[in-house]
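Trainee: Got a minute? I'd like to go through this model with you.
Mentor: Sure, put it up and ask away.

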Amino acid sequence: MKKIRKPCGLHCIKINHLGVRLGEQVILEDVNLHIHCGSLNVIIGKNGAGKSTLIRAMLNDIPHEGDIEFKDRENGRIQKLKVGYVPQSLNIEKNSPISVYDLIASYHYRFPVFLRKKKCIAGQITEALKIFEVEDLLDRQVCKLSGGQLQRVLLAMAIMDEPNLLLLDEPVSGVDQNGMELFYRTMEYLKENFDLSVILISHDLDYVLKYADQVILLDQTVVKSGSPSDVYESSEFKEIFGGEELPGYVSGKREKRRRAGDTTWD
Amino acid sequence: MGLESLTAFFQYEFMRNAFLAVLIITPLFGLLGTMIVQKKMAFFSDALGHSALTGIALGVVFGVRDTNITMIVFAIVFALLLNYIGNRVAAFDTIISVFSSCSVALGLAILSAGGNFSKYSSLLVGDILSITRGEILYLLGIFAFTLIFWCFCFNYLHAASIHRTLAKGRHIPVKMIENLFAVVMALIVMLSIKWVGILIINALLILPAAASRNISENMREYHFFSLIFSLFSGILGLFISYYANVATGPTIVIIASVLYFSTYAYAYKRNV
């Protein structure tokens, strides 16, 4: 892994006319996005708006229309886009004999993990883990990590080969306020210190307001995008999230919402 | 007992062959089992073993001289078909059960036509003592092939089993690698089913890996213990079955089960 670089501000990622169909059903239609490098872009929307589908389409996990361009802004040269992905959870059960080393080495190296633990590979993985202050977890079993630890390990794994774009879900509900704050700080650290853009699915509009550079309101297509306050004040936002009760980002309302027992938007 | 009985054991050609066969088959099963347990495919491999009957039956129906060939071809088709459907439906275990019972019934019906089933009943329990030198060479070939496959593809298989989308995002050919694994599994199960038997082949695949899983913390330990357990139960089972004059396959399975329960108890104690 190369050294941490400042974002250059010279690249951009363009998503053109992206669409996903499941048989007759249209899940996403004509999604156009412009992502600047070094920015935190947050996708919001109701359940079933196609947020996860958009991420899967960008990963080429499902068939889709349209394309994704990665350009140098100066001379328009098109480069190959490297995408990092951080899933919300892994398919790892209790008592699985999989260490953090096994997990990361399986995805990033060809040397078979069952033969022996290679020093040079372990060294490189430790370097990546250090960025997120979890280097002591290298030999820990993945199934025994806490939610926060696992997320940091997955982040370390995602940025190991210096992606230009990082796709991820916000931690699932159940993470406490401190955990959320820590998560968004990490996002901020990433975009400031690495040459990459982040696309994040979020369920917590307060944190989005505080940290996002661009908010994308999704409902089958991009209904509204722009700065958080622009989007939150738009009529489209009020229509989707039901105007009066909201916006929850007005401090104080959050408390009311929590007391009502409704902590997420999903 | 002692050295003399050990030499008595090895003075028979069939015992020497059986010993060699155990030395090849059990590590192979130990290796393969790690991934079968990891991917929760125990039911899948069980169904695969049962499909041997249908493959042989088809060979009989079409008048093929060497029913081994139809058995292997059918198992490969069966495994790929199961994989294909498994990717599309949610209730995978139900589908496996449907396929498995269907093919077993078909196989039994055809093979029992004319009251001839006793000819094939040895297939159910298997007989490792009847293996010949030439057949051991076949096994050696598949062993070498599997080792190479494992070294080149294990990381991919492992990555795909942990998170498919993540693996696809890293340009791992998930579908191809899963199909290849199913084919390798079909090959190994079919080539060893005559010696191990349909009824217990799955136990040999699952037990050593499951026992190893109880006490391992990473992939190296997992593979190491699975191989050791498998080899140990194979060799000990062969010796005991010789002296106690019982069938070899079941003896091996009993020892592997004891290992499983011991490791389970050990892990339970350690975690409490």
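Mentor: Start with confidence: chain A has an average pLDDT of 80, and 83% of its residues score at least 70. pLDDT is the predictor's confidence in each residue, from 0 to 100.

Trainee: Any ground rules before I dig in?
Mentor: This is a predicted model, so local features need pLDDT of at least 70 and side-chain atom pairs count only at pLDDT 80 or more, while totals for chains, interfaces and linings use all residues. Residues are numbered from 1 along each chain as its sequence is written, and chains are lettered from A and ligands numbered from 1 in the order in which they are written.

Trainee: Which elements of chain A have the lowest and the highest mean pLDDT?
Mentor: Helix 9 (residues 253–259) of chain A is lowest, at 48, and helix 2 of chain A is highest, at 94. Helices (H or I, at least four residues) and strands (E, at least two) are DSSP runs, numbered from the N terminus.

Trainee: Where in chain A is the pLDDT below 50?
Mentor: One such stretch is residues 244–254 of chain A, which has 13 contacts in the model beyond near neighbours in sequence. Two residues are in contact if their C-beta atoms, placed from the backbone, lie within 7 Å. Residues 261–266 of chain A also stay under 50, with ten contacts beyond four places in sequence. Where pLDDT is low, the predicted coordinates should not be read in detail.

Trainee: And what is the average pLDDT of chain B?
Mentor: Chain B averages 89, and 99% of its residues score at least 70. For the model, ipTM is 0.87 and pTM is 0.85.

Trainee: Switching to folds. How many helices and strands does chain A have?
Mentor: Nine helices and nine strands in chain A. Of its 266 residues, 38% are buried. Buried means 20 or more other C-beta atoms within 10 Å of the residue's own, exposed means 12 or fewer, and partly exposed is in between, with C-beta atoms placed from the backbone. Among contacts in chain A with a separation of 6 or more, 67% are between residues 24 or more positions apart.

Trainee: What about the secondary structure of chain B?
Mentor: Twelve helices and zero strands. In chain B, 46% of the 272 residues count as buried. Take contacts in chain B between residues at least 6 apart in sequence: 75% join residues at least 24 apart.

Trainee: What is the radius of gyration of chain B?
Mentor: Chain B has 19 Å, which agrees with the value near 19 Å for a compact globule with 272 residues. That radius is taken over C-alpha atoms, and the globule rule is 2.2 Å times the number of residues to the power 0.38. Along the principal axes, the C-alpha atoms of chain B fill a box of roughly 60 × 55 × 35 Å.

Trainee: Now the contact. How many residues does each chain give?
Mentor: Chain A gives 27 residues and chain B gives 22 residues. On the chain A side, strand 5 (83–86) and helix 2 (100–108) are the elements that give two or more residues. Helix 2 of chain A has the largest share, five residues.

Trainee: What's that side made of, by class?
Mentor: The chain A side has 15 nonpolar, six polar and six charged residues. Ala, Val, Leu, Ile, Met, Phe, Trp, Tyr, Cys and Pro count as nonpolar, Asp, Glu, Lys and Arg as charged, and the others, Gly among them, as polar.

Trainee: Let's look at helix 3 of chain A. Which of its residues are buried?
Mentor: Ile125(A), Ala128(A), Leu129(A) and Ile131(A). They cover an arc of only 150° around the axis, so they sit on the same side of helix 3 of chain A. The arc is that of the directions from the helix axis to the C-beta atoms.

Trainee: Which ones are exposed on the other side?
Mentor: Lys119(A), Cys120(A), Gly123(A) and Lys130(A).

Trainee: What covers the buried ones?
Mentor: The cover includes helix 2 and helix 4 (147–158) of chain A.

Trainee: Where is Leu138(A)?
Mentor: In the loop between helix 3 and helix 4 of chain A. Leu138(A) counts as partly exposed because it has 17 C-beta neighbours inside 10 Å. Beyond four places in sequence, Leu138(A) touches residues including Val100(A), Ile125(A) and Leu129(A).
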